[in-house]
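Subject: Structure handover

Hi,

Here is the structure I promised to pass on. Please open it alongside this note. My findings follow below.

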Amino acid sequence: YRRDGGNTLAQAGNLYVGELIDNTEGRGRTGKLAATDTQDWFVFAICAGQQVHITMTPPSGFNFDLAIYDVNANLLQSSSHSGSTMEEIYYTAPSTMKIYVQFLFVSGTGQGQYQFTISMTNQNDANTGTDAGNTISGALTITPGAYPGYLDMNDSYDWYKFQVTSGQYINLTLTMKSSALLTDFDVWLYNPSGTLVYEGNK
């Protein structure tokens, strides 16, 4: 961020995990804290069963802590080593949710710039514990229901397949706004011969 991270959970700035790190808003990995600005808050979305790995390294002479919370401000996990030691969290999400990250000033003189990393260590597309196929030939078989899935700049396609009979109505809904703000995903429907029959790209 080119501005201060939010000072409360409610003011948390969005983080885009798995996207290009280019220091545009939500795609930077540094921040600053001081005795007069003791907290930075950020938020990102995670799918059920996914594990996130977060590290935060304070500058020399400073002590900053790291914690993650759910939307109701319940503490999920924290890391609070002494001194300028790197803080680290691994957390597996029990459900598709938003995770709020808190960077907390503990001690130091003046303003210190920290660096952090954040990455998903696995995928759990359609609750399978793995990534859905990246091509039509590798499509993951599903049955009617609701499923979580994950895409990023390095995994831009997920393919699924399901059985239908002639005359059946297909109702397919892709939802991302409630869990992954400012994302733009499309959904395409192909017949068994690989011909595109529907495209949803609003």
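This is a predicted model. Start with the mixed sheet. Five strands make up an open sheet, ordered β1-β3-β8-β5-β6, and their pairing is mixed. β1 (13–14) and β6 (75–79) are the edge strands, each paired on one side only.

Look at β3 next. Strand β3 covers residues 39–46 and strand β8 covers residues 97–107; the two pair in the antiparallel sense over 8 bridges. Two residue pairs are handy for finding the register. Val43 has Tyr100 of β8 as its bridge partner. Phe44 is partnered by Ile99, also in β8. On the other side, β1 runs parallel to β3, and 2 bridges join them. There, Asn14 has Val43 of β3 as its bridge partner. Val43 therefore turns up in both pairings, with Tyr100 in β8 and with Asn14.

How much of β3 is buried? The count is 6 of its 8 residues, so the rest of the structure largely encloses β3. Buried here means under 20% relative accessible area.

Now the second sheet. It is open, has 4 strands in the order β2-β9-β4-β7, and its pairing is antiparallel. Its edge strands are β2 (30–34) and β7 (87–92), and each pairs on one side only. Neighbouring strands of this sheet are turned by 25° against each other on average, direction ignored. Strand β4 (residues 51–57) pairs with β7 in the antiparallel sense over 6 bridges. Within β7, Tyr91 is the residue opposite Val52.

Then the core. In soluble globular proteins, nonpolar side chains tend to be buried together. Which residues have the most contacts inside the largest nonpolar core? They are Phe44, Val52 and Phe103, in a core of 27 residues. At least two core residues come from each of β3, β4, β5 (63–69), β7, β8 and β9 (111–120). β8 supplies the largest share, 5 residues. Two of the three best-connected residues have already come up: Phe44 as the bridge partner of Ile99, and Val52 as the residue opposite Tyr91.

Now the surface. Phe162, Val164, Ile170 and Leu172 make a nonpolar surface patch of about 290 Å². Phe162 sits in the loop between β11 (160–161) and β12 (187–190). Is Phe162 buried or partly exposed? Its relative accessibility is 32%, so Phe162 counts as partly exposed.

Last, the charged pairs. The count comes to 1 salt bridge. Asp22 forms a salt bridge with Arg27, and their closest N and O atoms are 2.7 Å apart. Asp22 counts as partly exposed because its relative accessibility is 28%. Arg27, at 24%, is also partly exposed.

If you have little time, go to three places. One is Val43, with its partners Tyr100 and Asn14. Another is the 27-residue core around Phe44, Val52 and Phe103, the residues with the most contacts inside it. The last is the patch of Phe162, Val164, Ile170 and Leu172.

Best wishes

Terms used
Residues numbered from 1 in each chain as written. Predicted model: local features only at pLDDT ≥ 70, side-chain atom pairs only at ≥ 80, totals over all residues. Heavy atoms only, no water. Pairing = 2+ DSSP bridges. Patch = residues over 30% accessible without salt bridge, like charges linked within 9 Å, V, L, I, M, F, W, Y side chains within 5 Å. Areas by Shrake-Rupley, 256 points an atom, 1.4 Å probe, with all protein chains shown as cover. Salt bridge = Lys/Arg side-chain N within 4 Å of Asp/Glu carboxyl O. Buried < 20%, exposed > 50% of the residue type's maximum accessible area, 1.4 Å probe, protein only. Axes fitted to C-alpha atoms, helices over the stretch in contact; angles between N-to-C directions. Core = buried A, V, L, I, M, F, W, Y, C linked by side-chain atoms within 4.5 Å.
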